[in-house]
Amino acid sequence: METFLSGVTGTITHFVLKYWVIFLILILSYLFITFRHHIDYLFMKKDPVWRKWYKGVFRCPTCLKRLKPDDYPPNYRCSKCGNTYSFGDRAAKEWSNSKPLITKGEFFRYISLLSFLAIGALWLFYSGVLG
């Protein structure tokens with residue numbers, strides 16, 4: 001059993017060390033997707049409607065848990081019961097009607113993810129891994 005475990009550990013270590021660039025790109029992409037609202041807020045914090053929506057403190061009417069921003073203003077989502085609500089002032093409710101095609105935060109995230117994809121593809125093709 002010990003030789004089996006050491007063999008599996010050695011194989012996994014060899015694989016990770018051989019493809020470290022892919023793992024780094026996967027981790028960075030996961031972080032960009034997971035923290036998308038935080039990244040958007042960094043770029044959109046000068047927009048007063050976005051800032052009020054992101055920092056808004058509303059409670060779920062059914063379970064009284066704090067709602068989190070969901071997608072675009074004025075939408076909020078309860079992480080406990082999964083319901084989506086629309087709260088906010090008139091400017092937040094009208095922001096979705098006049099929102100740009102792509103916000104600055106989305107643009108940065110999409111460009112970053114595309115660059116990660118391009119770096120990974122170039123690394124795969126030029127390192128001789130695929131051929």
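These legends go with several views of a predicted model, starting with the whole chain and then moving in on a surface patch and a group of cysteines.

**View 1. The whole chain, with its 6 helices and 3 strands.**
Follow the chain from its start and the order of elements reads α-α-α-α-β-β-β-α-α. The C-alpha trace covers about 65 × 40 × 20 Å along its principal axes. For 131 residues, a compact globule would come in near 14 Å for the radius of gyration, while this chain has 21 Å.

**View 2. The chain's surface and what lies under it.**
Here we have about 9,400 Å² of accessible surface, and carbon and sulfur atoms account for 67% of that. As for the inside, 26% of the 131 residues count as buried. Now take the contacts between residues at least 6 apart in sequence: 37% of these link residues that are at least 24 apart.

**View 3. A nonpolar patch on the surface, with about 900 Å² of accessible area.**
Nine names to look for here: Met1, Phe4, Leu5, Val8, Ile12, Phe15, Val16, Phe23 and Leu26. Helix 1 (2-18) and helix 2 (20-34) both put in at least two residues apiece. Helix 1 is the top contributor, with 6 residues in the patch.

**View 4. Met1, at the start of the patch.**
Met1 belongs to the nonpolar patch, but sits in the segment before helix 1. Is this residue buried or exposed? Met1 counts as exposed because its relative accessibility is 73%.

**View 5. Cys63 and Cys78, without a disulfide.**
A quick reminder: a disulfide is a covalent bond that joins the sulfur atoms of two cysteines. How far is the sulfur of Cys63 from the closest cysteine sulfur? That closest sulfur is in Cys78, 3.4 Å away, which is too far for a bond. The cut-off used is 2.5 Å between the two sulfur atoms. Cys63 itself counts as partly exposed, since its relative accessibility is 25%.

**View 6. Cys78 and Cys81, another pair that stays unbonded.**
Shift over to Cys78 and the closest cysteine sulfur is the one in Cys81. The distance is 3.4 Å, so this pair is too far apart for a bond as well. Cys78 is buried, because its relative accessible area is just 1%. With the 2.5 Å cut-off, the count of disulfides comes to 0.

Note on methods: Residues are numbered from 1 along each chain as its sequence is written. This is a predicted model: local features need pLDDT of at least 70, side-chain atom pairs count only at pLDDT 80 or more; totals for chains, interfaces and linings use all residues. Side-chain values use heavy atoms; hydrogens and water are left out. Patches are made of residues with over 30% relative accessible area and no salt bridge: like charges are joined within 9 Å, nonpolar side chains (Val, Leu, Ile, Met, Phe, Trp, Tyr) within 5 Å. Accessible areas come from the Shrake-Rupley method with a 1.4 Å probe; for residues, only the protein chains shown count as cover. A salt bridge is a side-chain nitrogen of Lys or Arg within 4 Å of a carboxyl oxygen of Asp or Glu. Helices (H or I, at least four residues) and strands (E, at least two) are DSSP runs, numbered from the N terminus. Buried means under 20% relative accessible area, exposed over 50%, partly exposed in between (1.4 Å probe, protein chains only). The radius of gyration is taken over C-alpha atoms; the globule rule is 2.2 Å times the number of residues to the power 0.38. Contact means heavy atoms within 4.5 Å.
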